[in-house]
Amino acid sequence: MQDNQDHIDKFFRDKLNAYEVVPPENVWSKISGSLADKRRKSRKLWIIGLSAAASLLFAIAAGWYFVGSDFNGPAFSEDIHTGFTDETSAIIQPSTNKTHDVSIVIDDKKMNNRNTSITPEADTKRRAKLIKELYPNEITGRKEMGVINTLISKAIQIEQATNTEYTLLAMGNSFLDPSDMEILASNIKKRDELNKNEKRKNTVSVGLQGSPEYRFVSSDTEYASDTYPIYQGNIKNSQNDFNTNVTGGITVAYSSGSRFSIQSGFNYGEISQNPGQVGISFLGANNIYDHFAQDDDSRFQGPSNVNQDNNLVVETQMGLSNLQMPLGANMVSVNSFEKNGTEMVRNYRVEQKAGYLEIPLIVRYKLIDNRIGLHLLGGVNTNFLLINEVSLRDDYEAIANGKIEGLNPLTFTSSVGLGINYSISRHFLFSIEPTLKMHLNSINNQSYINVRPMSVGLFTGLTYQF
Amino acid sequence: MENLEKLIQGCQEGKGKAHSELYKRFSPMLFGVCLRYSSDKAEAEDTLHEGFITIFKKIGQYAFKGSFEGWMRKVVVNHALEKYRKRSKMTTVEDMKVFDGTHSTEDSESDLNAQQLMELINELSPQYKLVFNLYAIDGYNHKEIANMLNISEGTSKSNLARARKILQEKMKDYGFIKSEYAR
């Protein structure tokens, strides 16, 4: 039986001991792949080992140098430089986004004013977490531990002082190697992008703005005197006749986070003119000619559509005005009191003003979205006529009052401009916007008048962003 | 032999060419060993892969004393047993199917017999198969087997006896048996 059993063993052994089967191709691929990985890992370990040794040597040399040169305190405390600025780098900012995996250097001078003292040994758990945040994929021994400890202590200091949890970001110092500087540069960029994106989310802002507006008319303007020459008086049909007035108001703007924003609000502005002077005599007769004279004595009969009563028709850039004169007042040439030598003849000036409430609807597009930014603006404004006054007055009194006939209660203007803005802080924005406005419809609805003034202004504004 | 020494040295120095040459030379034999111990072809391939990784990793420890082939076989067998230990904690593994690997010998009759013998062994229950492989083919003694499989020597002996009996009966059934085995 024993022989039999041994024979079975031998039988199987003889057949199977030298049994060979060529394995499939993929087995060698897997083996060679594993071997290649091991070679890469061992090379990396070599480099890490050499770096650690070099760092240690350098730290010893640096320590020796600083001790030798009367340097007080830790070797790398406030003297850490970013390489990007010359200021001390403080590395801490409140935790807002936990998806940041690495590290940005920011410079915050405020940090230097904090003087809370703690023991470095305190809160080792937090220390370990901060190291992990600093170097999520690296071996911590690679950096000078002195630097890390100093900066972590600083972070803990400030956390304790402010009772706020901070994310320790990367540090900058002149001992970083080029690849770290690259990481820092790219992270500063990431941080700026993130801040920009946070800024860009749905924002509402309110503000104040104002501007002097220099107003003029285009050459295709049609005045009443073009159709009715009777009204040609002292109106000089030049573009300089409008007064330059200040427009100002409140702005409300909304941005969804893209480069576009939309703004409304309300402004108040006036279109006014001082068409000229007239001489008035109170000595006079009952007949008052519809006449408007300045430097000459010419008088004429008014047209049939002009009221023959004691009134004065004045033409301004905005239309005609019918001024009711006081009884007995007689129009004479300007400065004729000098001729007549009496106080009852005086010079009066015509003053005209129209006041509008403007509701803008402006779209802005950011061309450059930085602390100092550049944007384009364009839109339409709806203007509601609030004030329409013409008066004949001097410095002491108005002797006649009226209004411009046919002024449009509702006019529309378009705005187009360029703006420069400056972010004073996270919430405040200052802007200067040279803007051109054009009337889209005539300011006077009389068929024989077509006046569409244009204006240029330098709108200065201050907005607060929520 | 001299060629083998140079090859081993090359592997000890981590030369890729030496690694691939060594694999080419010994993988068919070692794969045969894996196939004997494994429950299926995929497991055999895994065992071979892990075995060679260990061989290349520890080849520096080989001091050119004793059989290099024997050393490699031991490494591979250890990996196979490791898999068995893991496997035995789980549910029963399917019987090994007929493998379709390429055969390196040219003698068709012996190949055929070898294949069929493999099938017979694979029909054994895992523990019997292991003990039979370790004792009858790879030359381990019961003490060593007891240590490797974490069983007693007595269990090892009884498993071996049982394995032999089953194989004998199967060989009779398949008509392999010669008169001297029939007794």
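**Figure 1. Order of the secondary-structure elements in chain B of the predicted model**. From the N terminus on, the elements of chain B follow the order α-α-α-α-β-α-α-α-α-α. The chain has nine helices and one strand. Of its 183 residues, 48% are buried. Among contacts in chain B with a separation of 6 or more, 64% involve residues 24 or more positions apart. Chain B has an accessible surface of about 9700 Å², with 47% of that area on carbon and sulfur atoms.

**Figure 2. Composition of chain A**. Seven helices and 15 strands make up the secondary structure of chain A. Buried residues account for 39% of the 466 residues in this chain. Where contacts in chain A join residues at least 6 apart in sequence, 72% of them are between residues at least 24 apart. The accessible surface of chain A is about 25200 Å², and carbon and sulfur atoms contribute 56% of it.

**Figure 3. Interface of chain B and chain A**. At this interface, 45 residues of chain B contact 27 residues of chain A. The two chains bury about 3500 Å² between them, with 66% of this area on carbon and sulfur atoms. Two salt bridges are found across the interface. One of the pairs in salt-bridge contact is B:Arg164 with A:Asp9, at an N to O distance of 2.4 Å. Five residue pairs, both members at pLDDT 80 or more, are in polar contact between the chains. On chain B, the elements that each supply at least two residues to the side touching chain A include helix 3 (41-58), strand 1 (102-103), helix 5 (108-122) and helix 8 (153-173). Helix 2 of chain B gives the most to that side, with ten residues. By residue class, the side of chain B that touches chain A comprises 22 nonpolar, 14 polar and nine charged residues.

**Figure 4. Surroundings of B:Arg73 and the salt bridge of B:Arg36 with B:Asp138**. B:Arg73 is located in helix 4 (residues 68-87) of chain B. Its relative accessibility is 12%, which is under the 20% limit, so B:Arg73 counts as buried. Beyond its neighbours within four places in sequence, B:Arg73 contacts A:Asn17 of the other chain, together with B:Met29, B:Leu30, B:Val33, B:Arg36 and B:Asp138. The last two residues, B:Arg36 and B:Asp138, form a salt bridge with their closest N and O atoms 3.1 Å apart. B:Arg36 belongs to helix 2 and B:Asp138 to the loop between helix 6 and helix 7 (142-149), so this pair ties together parts of chain B that are 102 residues apart in sequence. Both partners are buried.

**Figure 5. Salt bridges between strands of chain A**. Over all chains, the whole structure contains 19 salt bridges. In one of these, the side chains of A:Lys437 and A:Glu213 meet at 3.9 Å, N to O. The pair links strand 14 (residues 428-439), which holds A:Lys437, to strand 4 (residues 203-216), which holds A:Glu213, across 224 residues. A:Lys437 is buried at a relative accessible area of 7%, and A:Glu213 is buried at 3%. A network of salt bridges links these two residues with A:Arg215 and A:Glu358. In another salt bridge, the side chains of A:Arg364 and A:Glu433 meet at 2.7 Å, N to O. Here A:Arg364 of strand 10 (residues 345-368) is joined to A:Glu433 of strand 14, 69 residues apart. A:Arg364 counts as buried at 14% relative accessibility, as does A:Glu433 at 4%.

Conventions:
Residues numbered from 1 in each chain as written. Chains lettered and ligands numbered in written order. Predicted model: local features only at pLDDT ≥ 70, side-chain atom pairs only at ≥ 80, totals over all residues. Heavy atoms only, no water. Contact = heavy atoms within 4.5 Å. Buried area = accessible area lost by both parts, 1.4 Å probe. Salt bridge = Lys/Arg side-chain N within 4 Å of Asp/Glu carboxyl O. Polar contact = N/O pair within 3.5 Å; in protein donor to acceptor, adjacent residues only side chain to side chain. Helix = DSSP H or I, 4+ residues; strand = E, 2+ residues; numbered from the N terminus. Nonpolar A, V, L, I, M, F, W, Y, C, P; charged D, E, K, R; others polar. Buried < 20%, exposed > 50% of the residue type's maximum accessible area, 1.4 Å probe, protein only. Areas by Shrake-Rupley, 256 points an atom, 1.4 Å probe, with all protein chains shown as cover.
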